[in-house]
Each structure stands twice: as structure tokens, then as C-alpha cells.
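Here is a short briefing on one protein. Look over the sequence and the structure first, then work through the points below.

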Amino acid sequence: MQGVLTGFAVIAVVIAVGYVLGLRGHLGPQGREVLTRLAFHVASPALLFTTLATADLSVVFSSRLLVTALSTVAVAGVFVAVGVVRRWGVGRTTIGALCSGYVNSGNLGIPIAVYVLGDASLVAPVLLFQLVLVTPVAVTILDLSGGGAKGPLWRRLLTPLRNPIALGSLAGVAVAATGLRVPAPVMDPLTLIGNMSVPAVLLAFGISLCGSTMPMRGADREPVLLAVALKAFGQPAMAWALASGVFGLRGAQLLDVVVTSALPAAQNLYTYASTYEVGERLARDAILVSTVVSVPVLVGVAAVLG
């Protein structure tokens, strides 16, 4: 329980600092946009590269990863199906699907893995799955559904290679797969730049809350409710059913996959929505509400399965 509360406390403090900065206008009218662009084009690609370049890719073949992948696809598929029926649009539906199954495995998942599960590496499967597969696919869809959808076919097929998030992820995987050792004079500056990613995302998110209306109101109320329900309850329930019923996981292994699946939507999803100017309020509200709701859910999961 200490890990859950510690992780949420850290996030809440940084978001609160961003809110105060926005309230007082210390960063000017373009502060949020600058932080968002910094995170998307510079800091996040550096963080993804340094994380994946030194990762153990053998976790790709673990049963934990299969549970994570299947539960993510299941809840995202439900949101996409509803989005198609309700005609929410490709970009908006993509953001909503991400909010339904893309967990906060970094700045919240790592401390919870340490304090609740006792091992930070246990969050690696979900972290790798999201960075290697989900993120490049999602940003490619957002590219093609927006301005990137124009131009010749060859240019559209190269979309992932022109997106900084996807490029950082793919480059990191390539380094890890080939066993190359990046020299310290190259890795150290990238690590330093990558360390800006999470604070920049959280500060931008806090600034976005200034002057905003209460969540789950207006035209985005229905998709926000659906995304939060799938993220907070649907994904951990699906992970538990798959882990225990299909893969036969018990004890600590079962606790690991259910706890990581119960994590709230990641804050960097707001960066994607803001960068592509689609579903921004949907992302902001879904992240905020799922973070609040996930506190009792995570405490309950830890108490029942722990």
C-alpha cells in the first residue's frame, strides 16, 4: 500500500506545481505548448531510446507479456468498436483506445513495482510492449489520420520513421537486439535529456487544468466514462481472467500482472493528443479520473491477491 500512495503522491505534487505555474502565468501563454513539444520531439524519444537500448528483450517471450498484450488489445478493441458505432472519428477513437489500455508503467508503475511487488523489473514486460509496439502503431495511426495522411504512398509507409516517438523506440530496440554498447559520451547526454520527459509531461498536464471545466462533462462525457471504466475495471479484470484461467498464474505472478494492468492511463497520452490536436479533453479527463479511481482499485487488488 505504501508504494501505491508514494507513486500517486509524487505525480500529484508535480501536477500541482504545473497547475500553479499555469495559474500564475510564469511560463507565459505558450508554456504548455512548449513543454508538450519538448516532451514529444526531444525528451520522450531520448527516454525511450535509453530505456530500450539497455533492456532485456527476453521478456518479450514471457507469459506476463502475453497477458498484458491480450488484455490491452481486448479493452482497446471494445473502445474502438464503440467509437466506430458512435462515429467518434479515427483520431479521437485512437486516443480513447489508448486511454483504455495504455498504463502508466513508468513514473507510477516503477515505484509501485518496487514498493508493492518488490522488484522494479516486473514492470518491464508492459513497459516494453507499450514502447515497442503500442506507441509506434498509435502515433502512426494519428499521423495518417491527420496531416500525415497526405502525400504519395511511399511517404505514408515511412511515417513511423519520421515520428520522433516511434523512431526513438525502434532505435532503442535495434540497439538492444544487436547487443551494441552505446558509448558513454553519447548515452549520458541522452539520459540527461530523457530525464526531462516525465516532469515536462506532468507539468504540461497541470497547466492544462487551469481554467478547465469539471471532467466528464460536455461532448466527451461518454468516451471518458467508457475509457475510465475499461482502464480502471475492465483491463485488470481481463488480466486476472487470462492470467489465472488461461496461463495458470498464481501467487506473486498473478499479483504482478493484475497490479500492472490496474495502473491508470499514462500522462504522456495527453502529450500525443495535444501534439496531434485531437481528443485533448478526452485524454486529460480520462487520465485524471482513471488516476483517482485507480487508487482504491490498486489497494483492493494488493489486499486481495497479496
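## Briefing: surface, core and two threonines

The protein exposes about 13,700 Å², and carbon and sulfur atoms supply 68% of that area. The model is predicted. Start with the whole chain, then zoom in.

**Overall build**

- The protein has 15 helices. Its strand count is zero.
- Of the 306 residues in the protein, 49% are buried.
- Take the contacts with a separation of 6 or more. Residues 24 or more positions apart account for 83% of them.

**The nonpolar cores**

- The largest nonpolar core has 71 residues. Tyr102, Leu269 and Tyr272 have the most contacts inside it.
- Which helix gives this core its largest share? That is helix 6, residues 124-145, with nine residues.
- A second core is separate and has seven residues. Among them are Val201, Leu203, Ala204 and Ile207.

**Tyr102 and its contacts**

- Set aside the neighbours of Tyr102 within four places in sequence. Tyr102 is then in contact with Gln130, Leu131, Val134 and Thr135, among others.
- The contacts of Tyr102 also include Pro264, Ala265, Ala266, Asn268, Leu269 and Tyr272.

**Thr135: a buried threonine**

- Thr135 is found in helix 6.
- Is Thr135 buried or exposed? Thr135 has a relative accessible area of 1%. Buried means under 20%, so Thr135 counts as buried.
- Thr135 is in contact with Tyr102, Gln130, Ile165 and Tyr272, leaving aside neighbours within four places in sequence.
- Tyr102 and Tyr272, two of these partners, are named among the residues with the most contacts inside the largest core.

**Thr275: a partly exposed threonine**

- Thr275 lies in helix 14, which covers residues 268-276.
- The relative accessibility of Thr275 is 26%. Partly exposed means between the 20% and 50% limits, so Thr275 falls in that class.
- Which residues does Thr275 touch, not counting those up to four places away in sequence? They are Thr36 and Phe40.
- Thr275 and His41 are 234 residues apart in sequence. In space, they are 9.6 Å apart, C-alpha to C-alpha.
- What does the side chain of Thr275 reach at 2.7 Å? The partner is the backbone oxygen of Thr271.

**To recap**

- Thr135 is buried, whereas Thr275 is partly exposed.
- Thr135 is in helix 6, and Thr275 is in helix 14.

Terms used
Residues are numbered from 1 along each chain as its sequence is written. This is a predicted model: local features need pLDDT of at least 70, side-chain atom pairs count only at pLDDT 80 or more; totals for chains, interfaces and linings use all residues. Side-chain values use heavy atoms; hydrogens and water are left out. A nonpolar core is a set of buried Ala, Val, Leu, Ile, Met, Phe, Trp, Tyr and Cys residues joined through side-chain atoms within 4.5 Å. Buried means under 20% relative accessible area, exposed over 50%, partly exposed in between (1.4 Å probe, protein chains only). Helices (H or I, at least four residues) and strands (E, at least two) are DSSP runs, numbered from the N terminus. Contact means heavy atoms within 4.5 Å. Accessible areas come from the Shrake-Rupley method with a 1.4 Å probe; for residues, only the protein chains shown count as cover. A polar contact is a pair of N or O atoms within 3.5 Å; within protein, one must be able to donate a hydrogen and the other to accept it, and residues adjacent in sequence count only if both atoms are side-chain atoms.
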